[in-house]
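User: Hi! I'm new to this one and would love a friendly walk-through. Can we look at it together?
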Amino acid sequence: MTNERRVLVHPDKAALAGSVAARFITKIIDVLEEQGSAHVALTGGTMGGAVLRAIGDSPAHQSVDWSKITFWFSDERYLPHGDAERNDSQAKAALLDALELAPGQVKSLPAPGEHADIEAAADAYAAELAAAAPEGAEYPRFDVLFLGVGPDGHIASLFPDRAGVHVTDRTVIAETNSPKPPPERLSFTLPVINSADRIWMVLAGADKAGALGLALADASISDVPAAGAQGRKRTVFFVDQDAAAEVPAELITSEQFWTAAHSIDEH
Ligand SMILES: O=C1O[C@H](COP(=O)(O)O)[C@@H](O)[C@H](O)[C@H]1O
């Protein structure tokens, strides 16, 4: 099994969300059968929410034992709990609330007022990650880690030309000057992101085409943080046709080829 980054193109946003949802359900059933439990890191953004809604809309989601999955967030907008702009609020509305999970299964990032300041909030989530980690590790092994990609190439809350993308000695950082509102955010660092078995980046729309093209051309992570994402087993860009406009043809894996050439276990 190789660990090249792959690009899987879909006709439109709806097909993209449906396809990622179907793959996730299949993959997580396999993971649960093998391991008995799973850690999944969710993302915010337009396609992050669309994928979760598609999972909930699929009758196949009823075959998943959701009680065995712990959900984390690779980043969060540092806003009060319940704020509609928080990634966890959107994920709960899109899917998590309907799954009737136990409170400990959804590991939300802290909100203002819970800790002394945003740095302490980052440390608190780092401690939560460590508490769920296997012995000797600083964080759990994520079976699937979802990411959106911004038009500027940001992933989680690691933005171009910000120090956060270069941090390797912490697991969670506070971003206090995000170019995208809100300015205060919390984010996994790149080592945590890249520790995941599978990184699934889901992006759609013509405004993402430049970022995707540069990420695949190995731009510097300072310029395009998405260029630095590489999972242990799989790194897949799930995209629609508009986002794929600047992807070299030889890097595109068509749906038909993908299905024929790779067993679902490899995704
Ligand atoms: O602000 C954020 O943006 C990215 C991408 O969002 P999109 O709407 O352009 O898809 C998202 O992945 C991240 O979690 C979020 O905090």
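Analyst: Happily! One term to begin with: a residue is buried if 20 or more other C-beta atoms lie within 10 Å of its own, exposed if 12 or fewer, and partly exposed in between, with C-beta atoms placed from the backbone. This is a predicted model, where local features need pLDDT of at least 70, side-chain atom pairs count only at pLDDT 80 or more, and totals for chains, interfaces and linings use all residues. Residues are numbered from 1 along each chain as its sequence is written.

User: Which residues are buried in helix 4?
Analyst: They are A121, A122, Y125, A126 and L129. Helices here are DSSP runs (H or I, at least four residues), as are strands (E, at least two), numbered from the N terminus.

User: Why do they line one face of the helix?
Analyst: Looking down the axis of helix 4, the buried residues fall within an arc of 140°, so they share one face; the arc is that of the directions from the helix axis to the C-beta atoms.

User: And what does the face turned away carry?
Analyst: That face of helix 4 has the exposed residues A120, A127 and A131.

User: Switching topic: how many residues surround the ligand?
Analyst: There are 15, and the closest are T43, G44, G45, T46 and G148. Being near means that a residue's C-beta atom, placed from the backbone, lies within 6 Å.

User: Which helix gives the most to that shell?
Analyst: Helix 2, with 3 residues. Helix 2 spans 46–57, and strand 4 (75–77) also supplies at least two.
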